Amino acid sequence: MLCVTIFSCVAINLDDKVLVEKLRRIIYSAGNYIVLKLVSDPESIKKKPYKKQDEDKINKDEEAMAWRFLSLAEVSIMLEQDVAGVEKSLEDFLNLKHRLTSLKEAALLDYYVSGFWWAKGLEFSSLQIGGFLTLLNLLLDNLETYHMTLEENIQELASTMAGIGLSNSEISGGFEFFTVDQAKAIINYVKSSLFQHYTLYEYLFHSPREELVIGDEECEEEEEEEEEEEEEDRHAET
């Protein structure tokens, strides 16, 4: 039997008469970011005997993946905050000192704040929000640190979605705490945010910093000029 696992998380079986031996292939649909993986070994998809220790290990691994970016305490605090509070929390966590003058820092803050509010709006649990922010960080780090192309990062997203919706599967991306519907929504979100603007993010991270930042000295000069004008106005009034 040939099993088709769709990493947008739908599993179906092909006709038993299909004659394919040891076929392993990944097909990309760049338009919908749906990844298919064909596995010809039926033994690999049979349900394994239930073991309590296996389930405990899976749960621990999933939780570890969820808190690789923010901690449970940090996510819990943010869930109680308004937009300004979430922005301040993430600004401090990311150590953004110049977000008002740095295009890169402003984009980073918007990337994570938008992701947090999107996940909260879908009523993700604390664990799921933590995992989603970990995923966003993983994909962005692939671009910034490892210089992954768009196609390579699509593959990375596909790998993280592996195993969602499948019970006792050997294939796991570590994000099995998401449901099938949530995984589909996440793929669409990443497609319309990071992937759709991939070239712009590459420019932000890989262009010389001086081209992206308005100098602090220039801002200070403008502030001094404004203060002098205000002082002159006060003297004129008196």
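This note takes up the nonpolar core, a serine in a loop and two backbone angles.

1. The model is predicted, so local features need pLDDT of at least 70 and side-chain atom pairs count only at pLDDT 80 or more, while totals for chains, interfaces and linings use all residues. Residues are numbered from 1 along each chain as its sequence is written, and side-chain values use heavy atoms, with hydrogens and water left out.

2. The largest nonpolar core (buried Ala, Val, Leu, Ile, Met, Phe, Trp, Tyr and Cys residues joined through side-chain atoms within 4.5 Å) has 45 residues, of which Y112 and L194 touch the most other members. Among the elements that give two or more residues to this core are α1 (52-66), α4 and α7 (180-195); helices here are DSSP runs of H or I with at least four residues, numbered from the N terminus.

3. Leaving aside residues up to four places away in sequence, L194 is in contact (heavy atoms within 4.5 Å) with Y111, L139, L140, L143 and Y201.

4. S207, in the loop between α8 and α9 (216-237), counts as buried because its relative accessibility is 16%, the limit for buried being under 20% and that for exposed over 50%, with a 1.4 Å probe and protein chains only. A polar atom of the S207 side chain lies 2.8 Å from the backbone oxygen of Y203.

5. Most residues other than glycine have a negative phi. E123, in the loop between α4 (103-121) and α5 (126-144), nevertheless has a positive phi of about 60°, and with 69% relative accessibility it counts as exposed. H147, in the loop between α5 and α6 (150-161), likewise is not a glycine and has a positive phi, of about 55°.

Note on methods: Polar contact = N/O pair within 3.5 Å; in protein donor to acceptor, adjacent residues only side chain to side chain.
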